[in-house]
Amino acid sequence: RILAAAAAVILLCLSVGTVYLYVQPTSLQTVSTMAETRNVILPDGSSVLLNRHSSLSYPKRFKSDNREVQLTGEAYFEVAKNKKLAFVVKTKSIDVTALGTSFNVNAYDDGNEVTTTLYTGKVNVQSTLTGYKTILNPFEVAVFSKTKDKITTYVFTGPDKPVWMEPEFRFDMLPLIDITKQLEHNYNVVFVYRNQKIKHLKFSGTFDRDEKLD
């Protein structure tokens, strides 16, 4: 009887402890970058490389029913495989869901679009407003328009890693408006066009990302 009572008490304590760990709020921690990139290892072993002027929030430990992180800015994800627990990147406009894969999400607040680029595996991209979703295969891109609340996809043949991870800027006949947008994120500045006509002139060039703006 004593052993049975002791076993019952132990089981009750274990049950209460398990319930407590499951329902208690999980504290979040946030990693932000300024003029540098930063690599973050998540509790499940997933790796995240944050681009400049970006922010990532995630729990100190993932719950038993999901793996969710919050992104502002841009990041490249290499997700640890777990068929039972989906990995979800939440932004203000879209949710990107994966099981084990590598992909890039560009979700800066000042942009009109949120872009998801898939390199390996499979991801589900879903609008937070309408619920519309699309599934990407490797080397496909999903572009969400904030103004139209619409997702379009296309196939790309570019490098197997995001260009912002390279040590150099490489512009190949790119409109000036797209070039200055990249420079704004890299140097944390804002470009103002006195002559609106030059926005769409195209330029080519290569220079180091650590080079001074002037």
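This presentation walks through a predicted model of one protein chain, from its overall make-up to selected side chains.

Good morning, colleagues. I shall start with the chain as a whole. The chain contains two helices and 15 strands. It has 214 residues, and 37% of them count as buried. Its accessible surface amounts to about 13,100 Å², with 57% of that area belonging to carbon and sulfur atoms. If we take the contacts between residues at least 6 apart in sequence, 45% of them join residues at least 24 apart.

Let us turn to the interior. Which residues have the most contacts inside the largest nonpolar core? They are Leu 42, Leu 56, Val 69, Phe 77 and Phe 103, in a core of 29 residues. Strand E5, which spans residues 67-78, supplies the largest share of this core, namely four residues. Val 69 deserves a closer look. Leaving aside residues up to four places away in sequence, Val 69 touches ten partners that I shall name in part: among them are Leu 42, Leu 56, Phe 62, Phe 77, Phe 87 and Val 89. The contacts of Val 69 also include Ser 57, Tyr 58 and Lys 90. Apart from this core lies another one, of seven residues, including Tyr 76, Tyr 119, Phe 156 and Trp 164.

Two of those names lead to the aromatic residues. The structure holds nine aromatic pairs. The ring centres of Tyr 119 and Phe 156 are 5.9 Å apart and the planes stand at 80°; since an angle over 60 degrees counts as edge-to-face, this pair is placed in that class. Where in the chain do Tyr 119 and Phe 156 lie? Tyr 119 belongs to strand E9 (residues 113-120), while Phe 156 is in the loop between strand E13 (150-155) and strand E14 (168-175). The two are 37 residues apart, and the pair thus links distant parts of the chain. Both partners are buried: Tyr 119 has a relative accessibility of 8%, and Phe 156 has a value of 15%.

The pair is also part of a wider arrangement. Ring pairs join Tyr 76, Tyr 119, Phe 139 and Phe 156 into a cluster. Phe 139 sits in the loop between strand E11 (133-136) and strand E12 (140-145). With a relative accessible area of 29%, Phe 139 is partly exposed. Its backbone merits a remark as well. Most residues other than glycine have a negative phi. Phe 139, however, has a positive phi, near 65°. Asp 149 also has a positive phi, of about 50°, although it is not a glycine; Asp 149 is located in the loop between E12 and E13.

One further ring has a charged neighbour. The charged end of Arg 209 sits over the ring of Phe 169, 4.1 Å from the ring centre.

That brings me to the charged residues. Side chains of opposite charge can pair when their charged atoms come close. How many salt bridges does the count give? The count comes to seven. I shall describe three.

In one of them, the side chains of Asp 95 and Lys 90 meet at 3.0 Å, N to O. Is Asp 95 buried or exposed? Asp 95 is at 16% relative accessibility, and because the cut-off for buried is under 20%, it counts as buried. Lys 90, at 25%, counts as partly exposed.

Asp 95 appears again in the surroundings of Asn 124. Asn 124 lies in strand E10 (residues 123-127) and is buried, with a relative accessible area of 17%. Not counting residues up to four places away in sequence, Asn 124 touches Asp 95, Val 96, Thr 97, Lys 133, Thr 134 and Ile 135.

Another salt bridge is found within helix H2, between the side chains of Lys 181 and Glu 184, at 3.3 Å, N to O. These residues are three apart in helix H2 (residues 176-187), so about one helical turn separates them. Lys 181 is partly exposed at 31%, whereas Glu 184 is buried at 11%.

Salt bridges with shared partners also join Glu 166, Glu 168 and Arg 170 into one network. Within this network, the side chains of Glu 168 and Arg 170 meet at 2.8 Å, N to O. Glu 168 is partly exposed, with a relative accessible area of 28%, and Arg 170 counts as exposed at 55%.

Thank you for your attention.

Methods
Residues numbered from 1 in each chain as written. Predicted model: local features only at pLDDT ≥ 70, side-chain atom pairs only at ≥ 80, totals over all residues. Heavy atoms only, no water. Phe/Tyr/Trp six-rings, centres within 6.5 Å; stacked < 30°, edge-to-face > 60°. Buried < 20%, exposed > 50% of the residue type's maximum accessible area, 1.4 Å probe, protein only. Lys NZ or Arg CZ within 6 Å of the ring centre and 35° of its normal. Contact = heavy atoms within 4.5 Å. Areas by Shrake-Rupley, 256 points an atom, 1.4 Å probe, with all protein chains shown as cover. Core = buried A, V, L, I, M, F, W, Y, C linked by side-chain atoms within 4.5 Å. Salt bridge = Lys/Arg side-chain N within 4 Å of Asp/Glu carboxyl O.
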